[in-house]
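Got the viewer open? Show the cartoon, keep the selection box handy, and we'll go stop by stop.

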Amino acid sequence: MKHLYKLDNVAKLFVSIKNKKNIPIFRVSVVIKEEVNPQKLQDALDIAIKRFPTLSLMIKKGLFWNYFEENYRRLLIQEDKYYPCYNINSKLNNGYLIRAGYYKCRIFVEIDHSLADATALISFCKSLLYHYFILIGKKIDDKNDDVFKDNIHTIADYDDSFLVHTKDKYESQSEKKIKNIYLIKGKPLKFYGDNVVHGILSLKSIKEESKKYNITITSYMLSVLAYSIYETRIKNRLDGKNIVVCVPVNLRNIFPSISLKNFFGVANILIPTDKKLTFDDIIKIADKEMKEKITKEKLKNFIYKNTKLENNALAKFIPLFIKNFAVNLVFELFEDKLKTITISNFGNIILPDDMKDYISHFEAVVYPTINSPLNCGLCSFGDKLSVTFNRTVIETDIIKYFFKYVSNVSELEIYSNDYGV
C-alpha cells in the first residue's frame with residue numbers, strides 16, 4: 001500500500017498559485033569539464049533518487065487539501081531542449097514533480113517548489129553528481145557524508161518544520177505595510193519563456209569588496225542589484241517609488257531542522273527612494289534592513305503567520321477549489337506586488353576534494369513571476385560566484401548595469417541561453 005503525506009505549509013501555497021504564467025520551479029545546475037554520458041547519468045539518477053524519498057512523490061487532489069503519494073515509477077533523465085524552469089507536467093514525467101537532465105557539459109535538476117526548497121535540491125544534486133562520477137570511473141572519497149549513500153534517510157527528512165517550530169501566538173507588533181513599491185515592467189519576450197543570463201565572478205574579489213563595507217556577500221550583491229534598479233529605473237522619477245528586494249532565508253540556519261521539505265522564510269528589504277541615493281547610501285540602508293529583519297524573533301513571527309491559516313479550524317473544512325481560488329487571487333493582487341525583485345543566495349556548495357577537479361561551476365536559477373518578471377539567483381563553488389538573471393521581458397538595462405558595476409570589482413564571464421531574443 002502506498003504511503004500518503006501531507007504537503008508542508010509552504011507547499012500548499014505553491015500549489016495554489018501555480019498557473020500558466022506563474023510556475024514555481026527553480027533549477028540547480030552544474031557545468032562539468034567533459035561532455036555528459038546520458039546513460040551513466042540515468043544510472044546515477046536511479047541510485048540517487050532512492051536516498052530522497054521526499055522527492056519521489058506525486059501530487060493528488062483531496063476534498064479539502066492536496067496530498068502527496070509515493071511514486072515507484074522510474075524518473076527518466078531528459079536532454080535540455082527548451083528553457084530553464086518551464087512547467088513540469090507530472091503526467092508526462094511519470095508522475096514526478098522533479099526533472100533531471102543534461103546538455104553537453106551541463107547536468108541540471110529542477111523541482112516544483114511544492115516539493116522542496118534549494119537546500120534539499122542541492123543535496124540531491126550533490127548525490128547525483130557523486131554517483132555519476134563513480135559510474136564513469138572517477139575515484140572519490142565521500143568523507144562519510146550521508147547524502148552520497150544509497151538508502152540512508154530518517155523520519156526527520158519528512159518533518160514539516162514550519163509546524164514543529166510554530167508558536168502558539170503572535171507576540172510582537174505587526175510590521176508596517178510597505179507601500180508605493182516599484183514593479184519592474186517590460187515588453188514580454190516574443191515567445192513566452194525564460195531568458196537566462198549567467199555571470200561568473202571571482203568569489204575572493206567579491207568577498208574582499210564586501211569586507212570593505214563590513215557586510216556579507218548577500219548584502220553586497222543585493223545592494224549592487226538595488227543600485228542598478230535605482231540608476232536605470234528610479235533615479236529620474238518623481239513619484240518616490242520604493243525598491244523592495246525579497247531575500248529568501250534558509251530557516252535551518254536558525255531553527256534546528258534536517259528536513260528535506262520546504263523550510264525557508266523571506267525578508268523584504270526596503271530601499272526608500274524619496275531622496276537622491278548613492279551606492280554607499282544603499283549599502284547602509286540594506287545592511288540595516290538585513291540585520292533588523294533576519295533575526296530569530298522576526299522569523300518566528302514569519303513562521304506563525306504562515307501557519308495561522310493552516311491551523312484555523314474553519315479553514316480546514318473549506319473545499320480545496322475555493323481555497324486555491326482565494327489564495328491565487330490574493331497572491332496575484334497583493335502578495336506578488338510586495339516586491340520589486342527577488343535575490344536568492346543558494347550558498348556555497350561544498351563537495352569532496354576528489355570531485356572538485358571535474359567541475360567548473362554551479363548555477364542557481366530562480367523563477368520569475370507575473371509581477372516580478374526579473375529575478376536573480378546566486379551560488380558559489382570554489383572561487384567562482386555564479387550570478388544568474390532569469391527574465392520574461394526583453395529589457396536588459398538592469399542586468400547590463402549590474403554586470404558593468406561588478407566588473408570594476410572582479411573579472412567577469414557572461415553567457416546566456418539567448419531564448420526569446
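Start with the whole protein chain: 54% of its 421 residues count as buried, where buried means under 20% relative accessible area, exposed means over 50% and partly exposed lies in between (1.4 Å probe, protein chains only). Keep in mind that this is a predicted model, in which local features need pLDDT of at least 70 and side-chain atom pairs count only at pLDDT 80 or more, while totals for chains, interfaces and linings use all residues. Numbering runs from 1 along each chain as its sequence is written, and side-chain values use heavy atoms, with hydrogens and water left out.

Switch on the surface of the protein chain: about 20,100 Å² is accessible, and 54% of that belongs to carbon and sulfur atoms (Shrake-Rupley method, 1.4 Å probe; for residues, only the protein chains shown count as cover). Back in cartoon view, the chain has 11 helices and 15 strands; these are DSSP runs numbered from the N terminus, with helices being H or I of at least four residues and strands E of at least two. Among contacts with a separation of 6 or more, 76% link residues 24 or more positions apart, a contact being heavy atoms within 4.5 Å.

**Stop one: the seven-strand sheet**

Colour β10-β9-β11-β13-β14-β8-β15, in that order: this is an open sheet with mixed pairing. Two strands pair if DSSP finds at least two bridges between them. At the edges sit β10 (264-271) and β15 (412-416), each with a single partner strand, so one side of each has no neighbour in the sheet. On average, neighbouring strands here are turned by 20 degrees against each other, direction ignored.

Now select 279-293, helix α7. This helix packs on the sheet, touching β9 (243-250) and β10, and its direction makes about 145 degrees with that of β10. Axes are lines fitted to C-alpha atoms, for helices over the stretch in contact, and angles run from 0 to 180 degrees between N-to-C directions.

Next, zoom in on 374-381 and 384-391: these are β13 and β14, antiparallel and joined by eight bridges. Pick Cys379 and you'll find its bridge partner in β14, Ser386.

**Stop two: the cysteines**

How many disulfides does the structure hold? Zero, counting a disulfide as a pair of cysteine sulfur atoms within 2.5 Å. Try Cys125: its nearest cysteine sulfur, that of Cys379, is 9.5 Å away. Cys125 is buried, at 1% relative accessibility, whereas Cys105 is partly exposed at 26%.

**Stop three: the five-strand sheet**

Recolour for β5-β6-β7-β2-β12, an open sheet that also has mixed pairing. Its edge strands, β5 (78-79) and β12 (359-365), each pair on one side only. β5 runs parallel to β6 (98-103), with two bridges between them; click Gln78 and look across to Gly101 in β6. Then add 118-135, helix α3, which packs on the sheet and touches β2 (25-32), β6, β7 (106-112) and β12, at about 30 degrees to the direction of β2.

Stay on β2. Eight of its eight residues are buried: Ile25, Arg27, Ser29 and Val31 on one side, Phe26, Val28, Val30 and Ile32 on the other. β2 runs antiparallel to β7, with seven bridges, and antiparallel to β12, with six. Centre on Val28 to see both pairings: it stands opposite Val109 in β7 and opposite Ala364 in β12.

**Last stop: helix α6**

Select 217-234. Of the 18 residues in α6, 17 are buried. Its end C-alpha atoms are 24 Å apart, which agrees with the 26 Å expected at 1.5 Å a residue (1.5 Å times one less than the number of residues).
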